[in-house]
Amino acid sequence: MGGPTTEQVADVFRREHGRAVSVLIGRFGDIDLAEECVQDAFEAALRRWPQDGLPPSPAGWIVTTARNRAIDHLRRESVRAARHADAATLGDPVVPGPADLGPEGFAGDDRLRLFFTCCHPALAPEARVALTLRLLGGLTTDEVARAFLVSPATMAQRLVRAKAKIRDTGIPYRIPETEELPERLAAVLGAVYLIYTEGHTSGSGADPVRADLCLEAVRLARALHQLLPAEPEVRGLLALLLLTESRRPARLRDGRLVPLAEQDRRRWDLSLIAEGQRLVQECLAENRPGPYQVQAAIGAVHSSARTMADTDWTQVLALYDQLLSIAPTPVVRLNRAVALAEVEGPEAALAAVAIPELSRYHLLHAVRGDLLDRLGRTVEAAEALERAAALTANPLEQAHLRDRVRRLQGDAGGRGDRTG
């Protein structure tokens, strides 16, 4: 039997990068060393696995190889006998397994420790999420830069500064004490959500939907929920991701993006829907609403409808009103306008999408195009959708939007355009 292909080894890299880096940081306390040695280990895997075959525990092989590279590095670079002694007393190679999680389950997970380290309040908010995406999500610097709409050079400098601050100020590699959690949790949840968002609609042209990131974000959300089962926003985030993830199998058809209204709901994952809805019910019972919980409740309404026409849009609009009172952001206003169109009609919604702050956000123009189309203003609708296509880097979204533009242009040429 032949060994794994380069693509299969790369798949292991995507799945195991965060685990391997976090385990090495826990052992050696050096982020840069951990990243370098993990990269070296994957390069070794690319050379050896195609000939030797896939090891029984690919994750364990990577961690052990990276760990040994780190020990070799410390022995070579150390100028003090104590450093040699430290390296020599590390013991036999350790392959992480379920037992390493300890009696507290995910409380012993190095990835959670790294999350809280990356999201330490001593770091700037944008650095917290960027560093988490880089180290835990395994995104490249270019991909993190796209998520923040900055240049790769700017993001590289930001990541270097953040890692230097962790090192120079001695930010601890641990899960915070209970009294520390409130100030740390929002950034951690935001990082998980942004990882899922990057996977769900990636800015990477080579891989416009990254299932590995979606699944990693769900795994991390589950881990956080086990660590903090009484925290309603953790529960809300997990519910939101599960309900969104349940629709992913239906989002693509023949390599094309399928909008919610056209999805084959028989392809939705019923087990994820059931789990997500159960978590939403637990949130409702506690009655301590937060943004993730309300968004999850909106997702639960959508997941309960057998068809788009069966959706309880009045309830969705009421939930968006509640969300707007908690998180009055321009994006929430835009999403509320979509629900408003279903309850009060496209004319009312068109007035609601006059949101200058989102002038360069492609979904604003996509929603405007849809509303204008429903009002029969075909030429204007096509212009708005073309603008949306120009503003997104995701090739699936671009193709979907430009398909709609071509259909609208064909309709306008065949029957004329009403611009009133």
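The protein chain comprises 19 helices and two strands, where helices (H or I, at least four residues) and strands (E, at least two) are DSSP runs numbered from the N terminus. The model is predicted: local features need pLDDT of at least 70, side-chain atom pairs count only at pLDDT 80 or more, and totals for chains, interfaces and linings use all residues. Residues are numbered from 1 along each chain as its sequence is written, and side-chain values use heavy atoms, with hydrogens and water left out.

Of the 420 residues in the protein chain, 49% are buried (under 20% relative accessible area; exposed is over 50% and partly exposed in between, with a 1.4 Å probe and protein chains only). Among contacts (heavy atoms within 4.5 Å) between residues at least 6 apart in sequence, 63% join residues at least 24 apart.

Helix H15 spans residues 330-344 and reaches 20 Å from its first C-alpha to its last, close to the 21 Å expected at 1.5 Å a residue; the expected span is 1.5 Å times one less than the number of residues. Its buried residues are Val332, Leu334, Ala337, Ala339, Leu340 and Ala341. These pack against helix H14 (313-326), helix H16 (346-352) and helix H17 (362-374). Just after H15, Gly345 adopts a positive phi of about 105°.

Two packed helices are described by the angle between their axes and the distance between the axes. Helix H11 (residues 232-245) and helix H13 (residues 291-304) pack at an angle of about 35°, with axes 7 Å apart; axes are lines fitted to C-alpha atoms, for helices over the stretch in contact, and angles run from 0 to 180 degrees between N-to-C directions. Residues of H11 in this contact include Leu237, Leu240 and Leu243, and those of H13 include Tyr292, Ala296 and Ala300.

Most residues other than glycine have a negative phi. Two loop residues that are not glycines have a positive phi, as tabulated.

| Residue | Phi | Loop | Relative accessibility |
|---|---|---|---|
| Asp254 | about 55° | between strand S1 (252-253) and strand S2 (256-257) | 75%, exposed |
| Asn287 | about 55° | between helix H12 (270-286) and H13 | 60%, exposed |

Arg406 is located in helix H19 (residues 395-415). Its side chain forms a polar contact of 2.3 Å with that of Asp403; such a contact is a pair of N or O atoms within 3.5 Å, and within protein one must be able to donate a hydrogen and the other to accept it, while residues adjacent in sequence count only if both atoms are side-chain atoms. The C-alpha atoms of Arg406 and Ala382, 24 residues apart along the chain, are separated by 8.0 Å.
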